[in-house]
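Biologist: Thanks for sitting down with me. Could we walk through this model together, one question at a time?

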Amino acid sequence: MTPRLVSFVVPVYNEQDNLPELVRRSLAVGRALPYAFELVLVNDGSRDDSAKIIAATAEREPEVVGVLLNRNYGQHAAVLAGLAEARGDVVVTLDADLQNPPEEIPKLLAAIEEGCDVVSGLRRRRKDTLFRRVASRLMNQLMLRITRVNVGDYGCMLRAYRRDIVDAVLACGDRSAYVPALANSFAGRIREIEV
């Protein structure tokens with residue numbers, strides 16, 4: 001499946017310092033793709049100037065779509081708001097804090113073109129504390145038991161979803177859903193790509 005339009009969806013909460021770099025790098029990646037793209041920035045009730053930066057960027061850059069939530073709903077609700085706004089045949093989610101380099105997006109898109117429904121980033125060389133690594137491992141084991149889908153890194157926000165998977169997630173109507181697990185439950189072919 002070769003997409004005509006790819007949407008990058010980024011939940012944003014108090015990221016005013018990272019936003020200019022995130023936008024610059026995401027636009028560079030998107031403009032280098034062989035198809036159209038949009039960058040959907042979802043402000044999740046930030047208390048800093050993130051909303052102003054998003055609004056100004058959306059006015060200035062034609063590929064940028066700003067979604068400004070009226071208060072903080074949480075990361076997954078912000079992702080769902082972005083998925084609802086995204087128009088792409090493929091939707092890529094990533095963090096605003098640049099833990100997920102936008103430059104890794106083409107790897108995920110290549111796997112989608114090979115027929116995957118969902119492509120998940122698998123973080124390597126993490127610089128997390130021991131507590132965070134143990135908590136992450138326990139979360140991954142819990143998600144495996146709940147979903148029966150073995151994904152090694154449920155905590156990585158860098159993921160690509162085909163449109164039919166996004167539509168299935170949105171049709172559930174659950175605003176408190178854990179998007180990666182729900183999406184994986186609808187997917188036939190899932191792949192992890194080391195990032």
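Modeller: Happy to; what follows is a short set of questions and answers on this predicted model.

Biologist: Let's begin with the sheet. Which strands are the edge strands?

Modeller: The sheet is open, has seven strands in the order 3-2-1-4-6-5-7, and its pairing is mixed. An edge strand pairs on one side only. That description fits strand 3 (64-68) and strand 7 (190-194).

Biologist: And by how many degrees are neighbouring strands of this sheet turned against each other on average?

Modeller: With direction ignored, the average turn between neighbours in this sheet is 20°.

Biologist: Moving to one edge, which residue is the bridge partner of V40 in strand 3?

Modeller: Strand 2 and strand 3 run parallel and are joined by five bridges. Within strand 3, V40 has as its bridge partner V65.

Biologist: What angle does the direction of helix 6 make with that of strand 6?

Modeller: Helix 6 (residues 163-172) packs on the sheet, where it touches strand 4, strand 5 (118-122) and strand 6 (159-162). Relative to the direction of strand 6, the direction of helix 6 makes an angle of about 90°.

Biologist: Now strand 5. Why is strand 5 largely enclosed by the rest of the structure, and how many of its residues are buried?

Modeller: Take its two faces: V118, S120 and L122 are buried on one side, and V119 and G121 are buried on the other. Strand 5 is largely enclosed because the number of its residues that are buried is five of the five.

Biologist: Which residue stands opposite L122 in strand 7?

Modeller: Strand 5 has pairing with two strands to consider. With strand 6 it runs antiparallel over three bridges, and there S120 stands opposite R159. With strand 7 the pairing is parallel over five bridges, and the residue opposite L122 is E194.

Biologist: Let's look at the packing. Which residues touch the most other members of the largest nonpolar core?

Modeller: As background, nonpolar side chains in soluble globular proteins tend to be buried together. Here the largest nonpolar core has 32 residues, and the members that touch the most others are F8 and V92. Elements giving two or more residues to this core include strand 1 (5-12), helix 1 (19-32) and helix 4 (105-113). Leaving out residues up to four places away in sequence, F8 has contacts that include V29, L33, F37, V40, I105 and, from the pair you asked about, V92.

Biologist: What about R25 in helix 1: buried or exposed?

Modeller: R25 sits in helix 1, and its side chain makes a polar contact of 2.8 Å with the side chain of E103. Beyond four places in sequence, R25 also touches L98, P101 and P102. Its relative accessibility is 18%, under the 20% cut-off, so R25 counts as buried.

Biologist: How many disulfides does a search of the whole structure find?

Modeller: Two cysteines are worth a look. C116 counts as buried at 1% relative accessibility, whereas C172 is partly exposed at 41%. For disulfides, the search of the whole structure gives zero.

Biologist: One last one: what distance separates the C-alpha atoms of A110 and T2?

Modeller: A110 lies in helix 4 and counts as partly exposed, with 37% relative accessibility. A110 and T2 are 108 residues apart along the chain, and their C-alpha atoms are separated by 9.0 Å.

How values were computed: Residues are numbered from 1 along each chain as its sequence is written. This is a predicted model: local features need pLDDT of at least 70, side-chain atom pairs count only at pLDDT 80 or more; totals for chains, interfaces and linings use all residues. Side-chain values use heavy atoms; hydrogens and water are left out. A nonpolar core is a set of buried Ala, Val, Leu, Ile, Met, Phe, Trp, Tyr and Cys residues joined through side-chain atoms within 4.5 Å. Buried means under 20% relative accessible area, exposed over 50%, partly exposed in between (1.4 Å probe, protein chains only). Helices (H or I, at least four residues) and strands (E, at least two) are DSSP runs, numbered from the N terminus. Contact means heavy atoms within 4.5 Å. A disulfide is a pair of cysteine sulfur atoms within 2.5 Å. Two strands pair if DSSP finds at least two bridges between them. Axes are lines fitted to C-alpha atoms, for helices over the stretch in contact, and angles run from 0 to 180 degrees between N-to-C directions. A polar contact is a pair of N or O atoms within 3.5 Å; within protein, one must be able to donate a hydrogen and the other to accept it, and residues adjacent in sequence count only if both atoms are side-chain atoms.
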